[in-house]
Amino acid sequence: MLQNIRDNSQGWIAKTIIGVIVALMALTGFDAIFKATTNSNEAAKVNGENISQNELSQAVDMQRRQLMQQLGKDFDASLLDEKMLRESALKGLIDRKLLLQGAHDAKFAFSEAALDQVILQTPEFQIDGKFSPERFDQVIRQLGYSRLQFRQMLAQEMLIGQLRAGLAGSGFVTDAQVLAFARLEKQTRDFATLNIKADPATVKLTDDEVKAYYDQHAKEFMTPDQVVIDYLELKKAAFFDQVSVKDEDLQAAYQKEIANLSEQRRAAHILIEVNDKVTEAQAKTKVEEIQARLAKGESFEALAKEFSQDPGSASNGGDLGYAGPGVYDPAFEKALYALNKDQVSAPVRTDFGLHLIKLLGVEAPEVPSFASLKDKLTRELKTQQVEQRFVEATKQLEDASFEASDLAQPAQDLKLAVHTSAPFGREGGEGIAANRAVVTAAFSPEVLEEGANSTAIELDPETVVVLRAKEHRKPEQMPLESVAGPIRAQLAKEHASAAAKTKADELIASLRDGKAALDKPVDGQAWKASEAVTRSQEGIDPAVLQALFRMPKPESKGKPTFASVTLPDGSLVIVRLNGVNEAAAPTDAEKVEYRRYLASRVGQQDFAAYRKQLESQADIKRF
């Protein structure tokens, strides 16, 4: 348990802020949502601040992708409940908005320079321990961001992280609570068990009993409501052989590709902060002192170590490593790109204070050859054409299906084959019936009752279908003969379990009254004794272990307490608690672990209570 507590207590509180953000970027559904666009359609409003439908759509998409990654590539995304995804995503957006407002009200702040350092020092953005702009762009593109959007999201995550740390990190527990927890956690118990087997084979059932159960549970023995559908399937891949790419288009795409490559610049800086305690004039005086020492020939690196207030780079002589355009503050970047190698800039003002910037090196971009990019560019240009054709064909399919009374004419117009599914119920089935959107459409009133064709349904980004009901098989009562076997098995199990429970209760009563000897075998079966068992003991059924530690302490030696536990097969286990062993007082090291674990739990509860308070006091409108 101590190891579990050690692992759990460290959580996010003991992690570095960079680790928190990386984890949130990779795993959090509602975090990847901000785009530099506006949408007049509002999904919600939180204390007067809007959450747009565009933000919500992006959050839903991110949650869907996150779940697909967790569940595996073979998981059918159509089984995800879109309504639940939407509700979950909207709740996440509202929670995020409330926390950002809370962080703003609490005056939390995170500097651009610190944000730069988070990005530059994040391992996911590095190759061989060095920040890679290409790797950075690749990762954030996979998350659906531009550089500016990513920085905005990351800055907000850092603010929320500060707020969380400030609240959750303030949790504390008393010495008495630590000792009480340690006493319960380290306590062990001595007990014995005896199995009372439930044997369905000994149960004799009459036909009348089976018939009575069948009549009483008639609704459980109905054939499922099923439908057979015809459908047309439009696949994007079918269009690839229908498009071609011109050489001049490939050359134009190549020129555009290499035009986007940018040189990387290695910068170092000395930051003198301007804040509530240091005025701009005071910061300027300090910068002038540093400039004077530079003019006398002192090392920029040494002065950065002595004066720079950027904790991420000062110890490294102000070195920020290589980075391309879009990483730094605009004013910082403009000054950096105006420098020659080894030149030091004039003071540059940003939101964080005054910087002296030195250009340490320049790396020209590596320009790939046309031959090395030709296949990639061909695929991309073909994909653009295919995408357009697929969109047009989807619209044509939807329009034709809406106007037609069957699927024959749309199939002829688009040269598609009409497929027929196997029967499936409302719970879905195999093949196309495994898609939840297909099942929903097939059982919709428009398709099932009115006989209309469905709208176009996207199975995945590459496939669209339109369907209509071919046959509706309504629920019917299943004959007794077809379900008599399962009914007999169920009744036999219930009767056998009830008989075992009665026997167990009678035995426990005899043991309590002293009419039966505590250690005497029952039906030839001896009690199985265990001593000094912990709460996390391996090799013991979890249900038995849970019941054991819920039992009251025996009044005295020789006066055990009893309980019974029903197992999944209907058998019972009689649990005899013989004694409770109190452990020695915890060591100082154990106290530290227990205190950290309990404080972490208290802190998490405090943060959860704070979020609930924000929500209860907020003006939230959902549209």
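The legends below describe close-up views of a predicted model.

**View 1. The hairpin of strands β16 and β17.** Strand β16 covers residues 561-566 and strand β17 covers residues 572-581. The two strands pair in the antiparallel sense, and the pairing runs over six bridges. Threonine 566 stands opposite leucine 572 of β17. Five residues lie between β16 and β17. In the turn, glycine 570 has a positive phi of about 95 degrees.

**View 2. Aspartate 128 in the loop between β3 and β4.** The loop is flanked by β3 (126-127) and β4 (130-131). Aspartate 128 has a phi near 55 degrees, which is a positive value in a residue other than glycine. The relative accessible area of aspartate 128 is 80%, so the residue is exposed, the cut-off being over 50%.

**View 3. Aspartate 523 in the loop between α18 and β15.** Helix α18 (480-513) and strand β15 (528-533) flank the loop that holds this residue. Phi of aspartate 523 is positive, near 55 degrees, and the residue is not glycine. Aspartate 523 counts as exposed because its relative accessible area is 64%, against a cut-off of over 50%.

**View 4. Aspartate 116 and its contacts in helix α5.** Helix α5 spans residues 112-121 and includes aspartate 116. Aspartate 116 counts as buried because its relative accessibility is 7%, with buried meaning under 20%. Leaving out residues up to four places away in sequence, aspartate 116 touches Arg151, Val327, Tyr328 and Asp329. With arginine 151, the aspartate 116 side chain makes a side-chain to side-chain polar contact of 2.8 Å.

Methods:
Residues numbered from 1 in each chain as written. Predicted model: local features only at pLDDT ≥ 70, side-chain atom pairs only at ≥ 80, totals over all residues. Heavy atoms only, no water. Pairing = 2+ DSSP bridges. Helix = DSSP H or I, 4+ residues; strand = E, 2+ residues; numbered from the N terminus. Buried < 20%, exposed > 50% of the residue type's maximum accessible area, 1.4 Å probe, protein only. Polar contact = N/O pair within 3.5 Å; in protein donor to acceptor, adjacent residues only side chain to side chain. Contact = heavy atoms within 4.5 Å.
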